[in-house]
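The following exercises concern salt bridges, pockets and annotated residues. Each task is followed by a solution in steps.

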Amino acid sequence: MEITNVTEYEAIAKEKLPKMVYDYYASGAEDQWTLKENRNAFSRILFRPRILIDVSKIDMTTTVLGFKISMPIMIAPTAMQKMAHPEGEYATARAASAAGTIMTLSSWATSSVEEVASTGPGIRFFQLYVYKDRNVVAQLVRRAERAGFKAIALTVDTPRLGRREADIKNRFTLPPFLTLKNFESLNLGKMDKIIWQTDDSGLASYVAGQIDRSLSWKDVKWLQTITSLPILVKGVLTAEDARLAIQAGAAGIIVSNHGARQLDYVPATIMALEEVVKAAQGRVPVFLDGGVRRGTDVFKALALGASGIFIGRPVVFSLAAEGEAGVRKVLQMLRDEFELTMALSGCRSLKEITRNHIVADWDEPRVVPRL
């Protein structure tokens, strides 16, 4: 059976993967209300297509932090991809590079920054958690720089891990043949040997237990003293924090609720996006992470002011189903759907996508101007 859309990969991944692994990728926090809402919220935004516009040529290219990419669709950081497929992050890196887009490598990856760099050319960002031992953070950043990574995506919504009940039930542990490669060759100092065991987050307590709960805006400034790489702040959901991120020197903002894995009953990211965009006032780019499964979703995010989007679960599900070919296909399907949405909405380039191309259910009733 031919796969015709991104969502179909999830059922295949569920069949193929051990329950513990599938549940780790698929589940959200607590009641999983936000997990469902991340998807459902897109259906509350409708199109206002413009017709009789010459759409024989469509340009989807854009630049992110000065890097030219083929489309505004990028790969979000997702942990432990070798649980999905033996090639893991290698396959994802090759697929992203072939599609001409950006991959963000999780610091909890099962392949190291050096291994991912060895797959060949490509624009790559490195996702970072800040640990209690700042020397560990400095070593991770240094290695990412040396491996040619172009930006740091600093995850800021995880002073503690959210409660993911499927992981607790399954007593989630990283399979014994895998390790968190970025921690292997570090001088761990105060960080003990990596021991995977289950605590009430369901995720291995070791590395999670090392995340610094005291992380604050001053640490975002500190990070800029140890690296010249641009810093994207990932996990912003409010105007207040968008303004603080810009004051703290962020080069960009990723509107994210951590795939609905942290605090349940936060809004869908597509619902929080416009507030953040308005607060940013064009000073830094704002990106959307969470819930994107269709090209129409990409268009809606851009119409609400996003400079681009990141996909997470579609990558691990397609990786589980078909390895590198699956990830390539997901990127191609989203690209094709997005191009079609642009054409049918009367937009020939990203700059032509405007707020007037959509109507959201929270909008005021529209007064239509008379010609």
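**Exercise 1.** Determine whether Asp 219 is buried or exposed, and identify the residue with which Asp 219 forms a salt bridge.

*Solution.*
Step 1. The model is a predicted one. In this model, Asp 219 has a relative accessible area of 7%. Buried means under 20%, so Asp 219 is buried.
Step 2. The salt-bridge partner of Asp 219 is Arg 134, and the closest N and O atoms of the two lie 2.7 Å apart.
Step 3. Asp 219 belongs to helix 10, whereas Arg 134 belongs to helix 6 (residues 134-146). The pair therefore ties together parts that are 85 residues apart in sequence.

**Exercise 2.** Examine the salt bridges of Asp 289 and Glu 165, and state for each residue involved whether it is buried, partly exposed or exposed.

*Solution.*
Step 1. Asp 289 forms a salt bridge with Lys 234, with 3.8 Å between the closest N and O atoms. The criterion is a separation within 4 Å, and the pair satisfies it.
Step 2. Asp 289 lies in strand 10 (residues 286-289) and Lys 234 in strand 8, so this salt bridge ties together parts that are 55 residues apart in sequence.
Step 3. Asp 289 is buried, at 7% relative accessible area. Lys 234 is buried as well, at 6%.
Step 4. Glu 165 and Arg 163 meet through their side chains in a salt bridge of 3.9 Å, N to O. Glu 165 is partly exposed, with a relative accessibility of 32%. Arg 163 is also partly exposed, with a value of 37%.

**Exercise 3.** How many salt bridges does the count give, and which residues are joined into one network by salt bridges that share partners?

*Solution.*
Step 1. Side chains of opposite charge can pair when their charged atoms come close.
Step 2. The count comes to 18 salt bridges.
Step 3. Glu 87, Arg 94, Glu 324 and Arg 328 are joined into one network through salt bridges that share partners.

**Exercise 4.** Describe the largest pocket by its volume, its lining and the elements that supply that lining.

*Solution.*
Step 1. The volume of the largest pocket is about 640 Å³.
Step 2. Its lining consists of 37 residues; those nearest the centre are Thr 78, His 258, Gly 259, Arg 261 and Arg 313.
Step 3. At least two lining residues come from each of helix 2 (19-26), helix 3 (33-40), strand 11 (308-311) and helix 14 (313-345). Helix 14 contributes the most, with four residues.
Step 4. Divided by class, the lining comprises 18 nonpolar, 11 polar and eight charged residues.

**Exercise 5.** Give the corresponding description of the second largest pocket.

*Solution.*
Step 1. The second largest pocket has a volume of about 490 Å³.
Step 2. It is lined by 29 residues, and Val 156, Asp 157, Thr 158, Pro 159 and Gly 235 are the closest to its centre.
Step 3. Helix 10 (217-226) and strand 8 (231-236) are the elements that give two or more residues to this lining. Strand 8 gives the most, with three residues.
Step 4. The lining of the second largest pocket divides into 13 nonpolar, eight polar and eight charged residues.

**Exercise 6.** Which residues does UniProt list under "binding site", and where do Tyr 24 and Tyr 129 lie?

*Solution.*
Step 1. The unreviewed UniProt entry lists Tyr 24, Tyr 129, Arg 164 and Arg 261.
Step 2. From this set, Tyr 24, Tyr 129, Arg 164 and Arg 261 are found in the lining of the largest pocket.
Step 3. Tyr 24 is located in helix 2 and is buried, with a relative accessible area of 4%.
Step 4. Tyr 129 is located in the loop between strand 6 (124-128) and helix 6. At 7% relative accessibility, Tyr 129 is buried.
Step 5. Apart from neighbours within four places in sequence, Tyr 129 is in contact with Ser 107, Trp 108, Val 137, Thr 155, Thr 158, Ile 211 and His 258.

**Exercise 7.** Characterise the surroundings of Ile 75.

*Solution.*
Step 1. Ile 75 lies in strand 4 (residues 73-75) and is buried, at 0% relative accessible area.
Step 2. When residues up to four places away in sequence are not counted, Ile 75 touches several residues, among them Thr 92, Ala 96, Met 103, Phe 310, Val 327 and Leu 331.
Step 3. Ile 75 and Gly 122 are 47 residues apart along the chain, and their C-alpha atoms are separated by 12 Å.

Methods:
Residues are numbered from 1 along each chain as its sequence is written. This is a predicted model: local features need pLDDT of at least 70, side-chain atom pairs count only at pLDDT 80 or more; totals for chains, interfaces and linings use all residues. Side-chain values use heavy atoms; hydrogens and water are left out. On a 1 Å grid over the protein atoms alone, a cavity is a set of points where a 1.4 Å probe fits but cannot get out, and a pocket is an open set with protein on both sides within 12 Å along at least five of seven lines; lining residues have an atom within 4 Å of a point. Grid points are joined across faces, edges and corners, and a volume is the space filled by probe spheres set on the points. Ala, Val, Leu, Ile, Met, Phe, Trp, Tyr, Cys and Pro count as nonpolar, Asp, Glu, Lys and Arg as charged, and the others, Gly among them, as polar. Buried means under 20% relative accessible area, exposed over 50%, partly exposed in between (1.4 Å probe, protein chains only). UniProt positions are given in the numbering used here, feature names are shortened, and annotations may be inferred rather than shown by experiment. Contact means heavy atoms within 4.5 Å.
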